[in-house]
Amino acid sequence: MVRPTRQVEYEQMLLSRHGLLSQGGGRRKEGGMERSAYILLSRIRVQGPMSIGELSDAFALDASTLNRQTAAAVRAGLLERIPDPDGGLARKFRITADGERSLDEEREAMVGILDDIMADWPDADIAAFAGYLKRFNSGIERRIGGHPWPRP
């Protein structure tokens, strides 16, 4: 008997191939937010201002990668550097008003795409699917060393 995890692997591969963030059939829409910025801003929105060290711990990425990502987001006007609100020495990154607006627009566009894809799904099926995805992501977070994503 073939384990169902083989089906999950295949469908996950297809899901990553489709890349919903690249709206419009496989290409990122003109003016759309880069995937790394979308994820970075989403984390800061849920957790509040974060330093490079905190971001490095949260994403399990090296500081140089996050320095590039945050620098690009600052140049794009999505993030700003601020003194630590708690009085620490490290400066932190906070979402700007333009960053909030851009993130909201990107998220609404994503929800619109998902609404279209699941237009014929009953709400109960969508809720069950969301629950399974949350459980799946939580399992991944446990496996990679406890970098749980804070959920609103």
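**Fold, core and last helix of a predicted chain**

Buried residues, meaning those under 20% relative accessible area (1.4 Å probe, protein chains only; over 50% is exposed, and in between is partly exposed), make up 27% of the 152 residues in the chain. The model is predicted, so to speak of local features takes a pLDDT of at least 70 and side-chain atom pairs count only at pLDDT 80 or more, while totals for chains, interfaces and linings use all residues. Residues are numbered from 1 along each chain as its sequence is written, and side-chain values use heavy atoms, with hydrogens and water left out.

On the fold itself, the chain has six helices and two strands, taken as DSSP runs numbered from the N terminus (H or I, at least four residues, for helices; E, at least two, for strands). Reading from the N terminus, the order is α-α-α-α-β-β-α-α. The C-alpha atoms fit a box of roughly 55 × 35 × 25 Å along the principal axes. Of the contacts (heavy atoms within 4.5 Å) with a separation of 6 or more, 51% are between residues 24 or more positions apart.

Now for the inside. The largest nonpolar core, a set of buried Ala, Val, Leu, Ile, Met, Phe, Trp, Tyr and Cys residues joined through side-chain atoms within 4.5 Å, has 19 residues, and M33, L40, L41, I44, L55 and L79 touch the most other members. Two or more residues each come from α2 (35–47), α3 (52–59), α4 (63–75), β2 (92–95) and α5 (97–117). The top contributor is α2, with five residues. In soluble globular proteins, nonpolar side chains tend to be buried together. As for L79, leaving aside neighbours within four places in sequence, its contacts are L40, L41, I44, T70, A73, V74, F93, R94, I95 and T96.

On the outside, the accessible surface (Shrake-Rupley, 1.4 Å probe) comes to about 10,500 Å², with 54% belonging to carbon and sulfur atoms. Charges come out as 22 positive and 22 negative side chains, and the centres of the two sets sit 6 Å apart; Lys and Arg count as positive and Asp and Glu as negative, with His and the chain ends not counted.

That leaves the last helix. Helix α6 (residues 123–143) has 21 residues and spans 30 Å from first C-alpha to last, close to the 30 Å expected at 1.5 Å a residue. R143 lies in this helix, α6, and is exposed, at 74% relative accessible area. From R143 to S36 is 107 residues in sequence and 22 Å in space, C-alpha to C-alpha. After α6 comes G145, with a positive phi near 105°.

Key
Charge placed at Lys NZ, Arg CZ, Asp CG, Glu CD. Expected span 1.5 Å × (residues − 1).
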